[in-house]
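Here are a few notes to read with the structure open beside you. Take the points one at a time and find each piece as you go.

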Amino acid sequence: MLDPLALDPSTADVYRALLQHPEWGIGDIARHLSVPAERVREACDLLADMALLRPSRNHPTLFRPVRPEVGLASLLAQTEAELQRRQQQIADTRAAIAAIAMEYDAIHDRERGSFERLEGLEQVRSRLEELAYAAQVECMSFMPGGAQTQEAMEASEPLDRQALERGVHIRTIYQDSFRNDADTLRYAQWLAGLGGQTRSSPTLPMSLLIVDRSVAMVPLDPGDPRLGAMEVSAGGIVTALCALFEQVWAVAVPFGEARVDEHGLSPFEHELLLMLLDGQTDEGAARRLGVSLRTVRRTMSTLMARLDARSRFQAGARAVQRDWI
């Protein structure tokens, strides 16, 4: 009956059991439904994410169901909002595809160079050198993945130095995890010493280089940059990529600062809590944040201690209750 609200039958059974017996714990529900306790715990996590459970005031280790007319109505509103958001995304995507198609059709016969496919690392590196030498005003880049290879940094050093000496404004956004790699950290410090600006963000959408707001390089496959890149000089697309960079730059943390929000959370900790609510595993969070599994687990342990939580389910519920996320 509750399937349209994204509540599967087993989770709905747990919710109904708690409505009838709000004093029950996980073990009681598991015995009543004849299912493993772990499955009940997973269902409680999901119900908490959906705001259908909240911590009990009298028993912090127990959780009480939200009244159906409140909880399910709220869930319906969330579902409707998500549907509207997805419909808007579809409309925006269609508009973007149409705009790109129109632009491509318009320039196909006149500007063959607006889209150029570069196969493999050698072609990409060769073209990057050309763009670095040609830069006159500004270079903006995303550097995901944390630690940069020694080879890449050695190749970039003379290009960055020459560009800065010519007065080119260089802005680079690294992934936060770069701070854990001594070599990459030293390179960022060196770049800042010459006048380059560096910031960091917990996650980055892809590798990106924009030169003089007129040409951009994006990977053919964000998951495997070794496959090559696409060089784009079509004005509309470059403008959109510039807007993306500026949006991330505005919220990224300047190099040398340790910014925290009003709750004392770093951007990394805030992003990790969001991933917890999103159902990410520790392994998935480590990949997206560009850090080790050990770092994710250590940070989560610290957050649970700050929230005085005995489980991740409880940590997520308390983080929401305290408006941390």
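**Notes on a sheet and some helices**

1. Start with helix H7 (residues 182-193) in this predicted model. Helix H7 lies across strand E5 (169-175) and strand E6, and runs at about 155 degrees to E5.

2. Now look at the sheet those strands belong to. Eight strands make up an open sheet, and going across you meet them in the order E3-E9-E8-E7-E4-E5-E6-E10. The pairing is mixed.

3. Which strands sit at the edges? They are strand E3 (115-119) and strand E10 (253-254), each of which pairs on one side only.

4. Have a closer look at the E10 end. Strand E6 (residues 197-201) pairs with E10 in the antiparallel sense, over two bridges. If you want a spot to zoom in on, Arg-199 stands opposite Pro-254 in E10.

5. Next, a pair of helices. Two packed helices are described by the angle between their axes and the distance between the axes. For helix H10 (residues 282-289) and helix H11 (residues 293-306), the axes come within 8 Å and cross at roughly 110 degrees. Angles of 65 to 115 degrees count as roughly perpendicular, so H10 is roughly perpendicular to H11. The crossing of H10 and H11 is right-handed.

6. Who does the touching there? H10 brings Asp-282, Glu-283, Ala-285 and Ala-286 to the contact, while H11 brings Leu-293, Val-296 and Arg-297. Sorted by character, the residues in this contact of H10 with H11 are four nonpolar, no polar and three charged.

Note on methods:
Residues are numbered from 1 along each chain as its sequence is written. This is a predicted model: local features need pLDDT of at least 70, side-chain atom pairs count only at pLDDT 80 or more; totals for chains, interfaces and linings use all residues. Side-chain values use heavy atoms; hydrogens and water are left out. Axes are lines fitted to C-alpha atoms, for helices over the stretch in contact, and angles run from 0 to 180 degrees between N-to-C directions. Helices (H or I, at least four residues) and strands (E, at least two) are DSSP runs, numbered from the N terminus. Angles under 35 degrees count as roughly parallel, over 145 as roughly antiparallel, 65 to 115 as roughly perpendicular and the rest as oblique. A crossing is left-handed if the near helix is turned anticlockwise from the far one by less than a right angle, and right-handed if clockwise. Contact means heavy atoms within 4.5 Å. Ala, Val, Leu, Ile, Met, Phe, Trp, Tyr, Cys and Pro count as nonpolar, Asp, Glu, Lys and Arg as charged, and the others, Gly among them, as polar. Two strands pair if DSSP finds at least two bridges between them.
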